[in-house]
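Here's a quick briefing on a protein and its ligand. Take a look at the structure first, then we'll walk through the binding site and the domains.

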Amino acid sequence: MPQLNETDREIFPVSAGLSDTGDITIGGCAISELATEFGTPLYIYDEDTIRQMCRQFVGGFKEAYERSHVEYSSKAFANPVLAKIIAEEGLNMDVVTGGELVFAKAAGFPAERLNFHGNNKDRGELGEAIDYGIGRITLDSFYEIGLLNEVAGEKGVRQKVLLRVSPSVDPHTHMLTTTGILDSKFGFSIETGAAAEAVEQAMAADNLEVVGLHFHLGSPIFELEPYSQAIDYVLKFAAEMRDAHGLQLKEFNPGGGFAVGYVGEELPLPISAYANEISTAVRSGCDRYGLEEPLLTVEPGRAIVARAGVAVYKVGGIKRIPNVRIYVSVDGGMGDNIRPALYSSEYTVRRAHDPYSEPTETVTVVGKYCESGDYIARDVDLPVLDSEDILCTPTSGAYAVPMASNYNMTTRPAIVMVKDGNARLIRRRETYDDLLATSLV
Ligand code: LLP
């Protein structure tokens, strides 16, 4: 019985395999057949992987710290079918815009289990969140403190809030996805004194109930030490705020950022390692600064959905530039996955049929967009390809589809969810009519 190689077994969805005919399968469905049925580019999500990741997070953190919640960060992939699975698995969820809130509502996601993040929520969005009965709102600027106090007052609500603080800790990830350093648009800096001022203002606001503090360092984070360093610093700050303003740290949220494996050379630590590091740091910090142990919430986005998703493309033209490079063009690219262009993110690429056949060639897989920076993977070894071969890139479930655009007036891809040999469409492919729908002719 053929099977995926060792690395691919870590990177592809948990239900992936190789059929007798040499086809990569996910959830019992052959990728090539799904490509024929639903067209390409196509995103396939594996339900078993999503549920397994949810359970590993909830179980892993509960084991390390009993009073813990896992909050799925829906920016990684917002979809009503996914949100229902997230709710069923007992996770909370965060949203960062009115649009993400609409998706949560469409899934009937319980309002009390939602947290509204984001660095610039407007009056309308805050009102929509309060109307839905949102559990928590995490405030990120002095403007938001005043605005939410006003909106909550108008609606006759005392809203539970957390304050996002910035601990000036570098998690050693891409500059564009680093959020908790001093030079950042996110959070109230502890170092500058802004965070202390925010605590004082928010606690004095009649219509806000400050239940805790939050920080998020960035993503993906492959190291553990930045978490414990930041946790210690923020707990020390919490103790100072208790003494100065009577802050009770009932809830503490050290964010998300947990890494995933995109390529075999860089696999992440297990979830239990993050869970142990974080809970040990919270416990020892509370002990050190004389705080009661708070309810702990972590916010994985990428780690819940990345491995579940596989992008599928069809090869078009192949250009061989002697002694320079072989360009393999596919029918997607930066319109459905801008991560390589934006962050130089690396992906594994496999041919969906007979993935390991010899001989191989080193090729650069590029998209169909009118940009030289539009690529999926540089210098990857693949079997010698033909036009119309089907390629797939695993670990595409996070931040590809949600960051997709209609650049060059392309239609965004279809998405299917697979399980036990069945595939169901969870988002249809956009049509030319969709492209025209918002333009006034
Ligand atoms: N919590 C907060 C407040 C966040 O800002 C984020 C991500 C998360 C949680 C979830 O982080 P995760 O566990 O997914 O790493 N587009 C970039 C990632 C941007 C992440 C933004 N914030 C990428 O494609 O790598």
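How many residues surround the ligand, and which are the closest? Keep in mind that this is a predicted model. There are 18 residues around the ligand, and the closest are Ser 219, Glu 299, Arg 302, Arg 339 and Tyr 399.

**Polar contacts to the ligand**
- Glu 299 has a side-chain N or O atom 2.6 Å from a nitrogen atom of the ligand.
- Arg 339 reaches an oxygen atom of the ligand, with an N or O atom of its side chain 2.5 Å away.
- Tyr 343 also joins in: a polar atom of its side chain lies 2.8 Å from a ligand nitrogen.

**How the ligand is housed**
- On its own, the ligand has 590 Å² of accessible area, and the protein covers 91% of that.
- If you're wondering where to look, the ligand sits in the largest pocket.
- The surrounding shell is made up of 5 nonpolar, 8 polar and 5 charged residues.

**Domains**
- The chain splits into domain 1 (8-39 + 308-436) and domain 2 (48-305).
- Measuring between C-alpha centres, domain 1 and domain 2 are 32 Å apart.
- Where the two domains touch, domain 1 puts in 24 residues and domain 2 puts in 21 residues.
- The ligand's shell draws on both domains, with at least three residues coming from each of domain 1 and domain 2.

Definitions and conventions. Residues numbered from 1 in each chain as written. Predicted model: local features only at pLDDT ≥ 70, side-chain atom pairs only at ≥ 80, totals over all residues. Heavy atoms only, no water. Near = heavy atom within 4 Å. Polar contact = N/O pair within 3.5 Å; in protein donor to acceptor, adjacent residues only side chain to side chain. Areas by Shrake-Rupley, 256 points an atom, 1.4 Å probe, with all protein chains shown as cover. 1 Å grid on protein atoms, 1.4 Å probe; cavity = no way out; pocket = protein on both sides within 12 Å on 5 of 7 lines; lining within 4 Å. Sits in = over half its atoms within 2 Å of the grid points. Nonpolar A, V, L, I, M, F, W, Y, C, P; charged D, E, K, R; others polar. Domains from an automatic or database assignment. Contact = heavy atoms within 4.5 Å.
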